[in-house]
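Reader: Hey, I've got a protein on my screen and no clue where to begin. Can we go through it together?

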Amino acid sequence: MDTRRLVAGTLVGGIILYAVGYLIFNVAFAAFYAANAGSATGVDRASPLVWAGVLASLSYAALVTLAIANRAGSPTIGAGVMIGAVVGFLVWFTADFAIYDFMNIQNLTRTVVDPLLEAVHGGIGGGVIAV
């Protein structure tokens with residue numbers, strides 16, 4: 001993969017992942033996340049730090065872009081969706097269970113559901129990146 005494709009996949013994927021993440025986690029499932037918080041209090045920000053969310057989306061897109069680029073053959077939308085979904089699931093399965101292990105900010109239900117929603121999030125991003 002050349003630098004131009006890595007940059008393009010990272011930028012386009014980052015924008016899509018940020019927008020889709022907002023829709024999934026802050027709009028569609030906001031009530032679910034609020035209802036399945038752990039007993040820790042005062043940990044949520046009154047308003048999110050947009051710059052930090054953008055950086056997170058860009059690094060996530062770079063990871064998915066690299067995973068797609070390291071697949072043999074020309075990337076297809078379907079392969080991009082699958083790779084993005086697997087990367088998203090595995091990264092967030094790891095992160096969520098580590099968070100559940102060390103912190104009391106989410107319950108087990110949220111810990112299990114979050115990686116599944118992340119597979120959808122990552123899959124959409126992967127499909128767009130593959131294009």
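**Talking it through**

Author: Sure! Let's begin with V12, which has a relative accessibility of 43% and so counts as partly exposed. Keep in mind that this is a predicted model.

Reader: Ok, and where does V12 sit?

Author: V12 is in helix α1, which covers residues 3-28.

Reader: Which residues make a nonpolar surface patch with V12?

Author: V120, I124 and V128 do. Together with V12 they form a nonpolar patch of about 280 Å² on the surface.

Reader: Which helix gives the largest share of that patch?

Author: Helix α5, residues 108-130, with 3 residues.

Reader: Let me zoom out for a sec. How many helices and strands are there?

Author: The protein has 5 helices and 0 strands. Reading from the N terminus, the order is α-α-α-α-α.

Reader: How does its radius of gyration fit with a compact globule?

Author: It agrees: a compact globule with 131 residues would have a radius of gyration near 14 Å, and this protein has 15 Å. As for its span, the C-alpha trace covers about 45 × 25 × 25 Å along the principal axes.

Reader: What share of the residues counts as buried?

Author: That's 32% of the 131 residues. The accessible surface is about 7,700 Å², and carbon and sulfur atoms account for 71% of that.

Reader: And the contacts, what share comes from residues 24 or more positions apart?

Author: If you take the contacts with a separation of 6 or more, 80% are between residues 24 or more positions apart.

Reader: New topic: I clicked on N36. Where is that?

Author: N36 lies in the loop between α2 (30-35) and α3 (50-69).

Reader: Is N36 buried or exposed?

Author: Buried. Its relative accessible area is 12%, and the cut-off for buried is under 20%, so N36 falls on that side.

Reader: What does the side chain of N36 reach?

Author: One partner is the backbone oxygen of F32, at 2.9 Å. The N36 side chain also has a polar contact with the side chain of N107, again listed at 2.9 Å.

Reader: Which residues does N36 touch if I skip its neighbours within four places in sequence?

Author: Then you get Q106, N107, T109 and R110.

Reader: Cool, so N107 comes up in both answers. Can you wrap up those two spots for me?

Author: Happy to. V12 is partly exposed and shares a nonpolar surface patch with V120, I124 and V128. N36 is buried, and its side chain makes polar contact with the side chain of N107.

Definitions and conventions: Residues are numbered from 1 along each chain as its sequence is written. This is a predicted model: local features need pLDDT of at least 70, side-chain atom pairs count only at pLDDT 80 or more; totals for chains, interfaces and linings use all residues. Side-chain values use heavy atoms; hydrogens and water are left out. Helices (H or I, at least four residues) and strands (E, at least two) are DSSP runs, numbered from the N terminus. Buried means under 20% relative accessible area, exposed over 50%, partly exposed in between (1.4 Å probe, protein chains only). A polar contact is a pair of N or O atoms within 3.5 Å; within protein, one must be able to donate a hydrogen and the other to accept it, and residues adjacent in sequence count only if both atoms are side-chain atoms. Contact means heavy atoms within 4.5 Å. Patches are made of residues with over 30% relative accessible area and no salt bridge: like charges are joined within 9 Å, nonpolar side chains (Val, Leu, Ile, Met, Phe, Trp, Tyr) within 5 Å. Accessible areas come from the Shrake-Rupley method with a 1.4 Å probe; for residues, only the protein chains shown count as cover. A salt bridge is a side-chain nitrogen of Lys or Arg within 4 Å of a carboxyl oxygen of Asp or Glu. The radius of gyration is taken over C-alpha atoms; the globule rule is 2.2 Å times the number of residues to the power 0.38.
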